[in-house]
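Dear colleague,

I am passing on the structure below, together with my notes on its open and enclosed spaces and on one of its strands. Please read the notes with the model open beside you.

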Amino acid sequence: MEYISTRGKVAPIGFIDAILMGLANDGGLLVPNHIPQLSADTLQSWSKLSYSELALEIFSLYVNNEIPRNELKQLVDESYATFRDEAVTPVKRLSDDTYVLELFHGPTFAFKDIALQFLGNLYAYVSRKTNSIIHILGATSGDTGASAIEGVRGKEGIRICILHPHQKVSQVQELQMTTVNDANVLNLSVEGTFDDCQRIIKELFADVEFKHRYHLRAINSINIARILAQTVYYFYAYFQLPQEQQAAKVNFSVPTGNFGDIFAGYLAQKMGLPIHKLILATNENNILERFVQEGVYQPGEFRGTYSPSMDIQVASNFERYLFYLYGEDAAAVNAIMEQFKAEGRVVIPADKLQAVQADFAAYGVKNEECLDTISAYHAKYEYLLDPHTACGVAAADKLAAPGEVTVSLSTAHPAKFDESIRLRGIAQTYPEQIQALFDKPQFQKVVGGSNDAIKDELVKFF
């Protein structure tokens, strides 16, 4: 197993080098040079494994023995020992055809913990083994920042700087990041949107000289380790369904803004997991819905919503999907991304649109529809959805056909978005760990949304 760039201008590299490179040096994204194919017998043998055991088997396919199996097992076990539920990602049944995959039982109550607990431990492992410095630079629309900080805070040989859009994340999300006062953590509150933060990150990583001089490493979903870690819970969720449900057509509905979480599902499907339909749920920032329905990828006007972690117009993992859509033709992907950079839009031909629509169904959830879904499911099932999960559930309600079973990914604990939930008169009790945040001082710096402003802060910090 080696890793190659979607733009084809980087020589194949191994797993650890891929993790350290993050964004490919040619500006593309790293992908495995082949997707492992799983037999029905393998899936059957995996179906009784614990979450950690399953994660070990899947990671082993991609690590290529660069990390000895006993050491990889230790990394995996340490990463998932921090979760509050023994199942790590339990599946809850709401009705015969509706299930919720709870991905929020990690330290920061968000699905990002599943990948970032592992990636944080992986970076610490590499730093120890190679006696190297690791400076992590990331951007967040809300949840990645807290999960990334929690994954590496206090770890020797690692420093982390997280950018978040100033006053455009929820109160709890901001507190989870900015109440951390470890010396190896820097929070920058950027004047602008998450897309501005993400653009700065990609441009700084594309500045290869700056990237190498300051030992910059990626923790955003541009890092292939994030995607690989997220494939695990698709398999695990499928195996948790009752036997008769597994025999039905099983859909996964995925609230997504950056295309990382649903791309992990696409990868799991390509590996051989029998997913019937991947339902792509967006909010009113619906560039991905428009792409699936019309074949046009073009950012629209930014809209603030009740599901702020999906308030994204430019999806950083979209390029990985383009690579497979165009038959792993790196030259074609390179031309498309150059066109997007020059013109701000991509239009795919009819045959490619047909292929996209075979891979995904998509639905953009309106603001009030999101809150209506929270109210309806709370009243009918006494189950409280966070606004992002509500988008996934609403999309499933629209797009799943009778007789199909749908697993909706629950990406965050509802306590992280109480401002939205209170609008429907629903009261909730905060988990103790979240309640404690409100009494802590905050540590962050507000900065302008330019590359130079961020560079200045990084040079001082690193």
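**Pockets, cavities and a central strand pairing**

H8 contributes 7 residues to the lining of the largest pocket, which is the largest share from any element. Please keep in mind throughout that this is a predicted model.

The space in this largest pocket comes to about 700 Å³, and its lining consists of 23 residues, with Arg7, Lys202, Met337, Phe340 and Lys341 lying nearest the centre. Two or more lining residues come from each of helix H8 (194–206), helix H14 (318–325) and helix H15 (330–343). If you are thinking about the chemical character of the site, the lining of the largest pocket divides into 10 charged, 9 nonpolar and 4 polar residues.

The second largest pocket holds about 260 Å³ of space and is lined by 15 residues, of which Glu150, Arg153, Gln176, Leu437 and Lys440 are nearest its centre. Helix H6 (143–152) and helix H20 (432–435) each give at least two residues to the lining of this second largest pocket, and H6 provides the largest share, 3 residues. By class, the lining of the second largest pocket has 8 nonpolar, 4 polar and 3 charged residues.

Turning to the enclosed spaces, the count comes to 3 cavities of 30 Å³ or more. The largest cavity has a volume of about 260 Å³, and among the 24 residues that line it, Phe111, Lys112, Gly257, Asn258 and Ser309 are the closest to its centre. At least two residues of the lining of the largest cavity are supplied by each of H6, helix H10 (224–240) and helix H12 (260–271). The lining of the largest cavity contains 13 polar residues, alongside 7 nonpolar and 4 charged ones.

The strand I would draw your attention to is S14, and the question I asked of it was why strand S14 is largely enclosed by the rest of the structure. The reason is that 7 of the 7 residues of S14 (residues 404–410) are buried, with buried taken as under 20% relative accessible area. In a regular strand the side chains alternate between the two faces of the sheet. In S14 both faces are covered, since Glu404, Thr406, Ser408 and Ser410 on one side are all buried, as are Val405, Val407 and Leu409 on the other.

As for the partners of this strand, strand S4 (residues 98–102) runs parallel to S14 and is joined to it by 5 bridges, with tyrosine 99 standing opposite valine 407 of S14. Strand S9 (residues 249–255) also pairs with S14 in the parallel sense, over 5 bridges, and here phenylalanine 252 has valine 407 in S14 as its bridge partner.

Finally, two annotations come from the UniProt record, both from an unreviewed entry. The record lists "domain: Threonine synthase N-terminal" for residues 2–80, a stretch over which the chain is 49% helix and 8% strand, with its end C-alpha atoms 26 Å apart. The record also gives "domain: Tryptophan synthase beta chain-like PALP" for residues 97–405, where the chain is 51% helix and 17% strand and the end C-alpha atoms are 4 Å apart.

With best regards

Conventions:
Residues are numbered from 1 along each chain as its sequence is written. This is a predicted model: local features need pLDDT of at least 70, side-chain atom pairs count only at pLDDT 80 or more; totals for chains, interfaces and linings use all residues. Side-chain values use heavy atoms; hydrogens and water are left out. On a 1 Å grid over the protein atoms alone, a cavity is a set of points where a 1.4 Å probe fits but cannot get out, and a pocket is an open set with protein on both sides within 12 Å along at least five of seven lines; lining residues have an atom within 4 Å of a point. Grid points are joined across faces, edges and corners, and a volume is the space filled by probe spheres set on the points. Ala, Val, Leu, Ile, Met, Phe, Trp, Tyr, Cys and Pro count as nonpolar, Asp, Glu, Lys and Arg as charged, and the others, Gly among them, as polar. Buried means under 20% relative accessible area, exposed over 50%, partly exposed in between (1.4 Å probe, protein chains only). Two strands pair if DSSP finds at least two bridges between them. UniProt positions are given in the numbering used here, feature names are shortened, and annotations may be inferred rather than shown by experiment.
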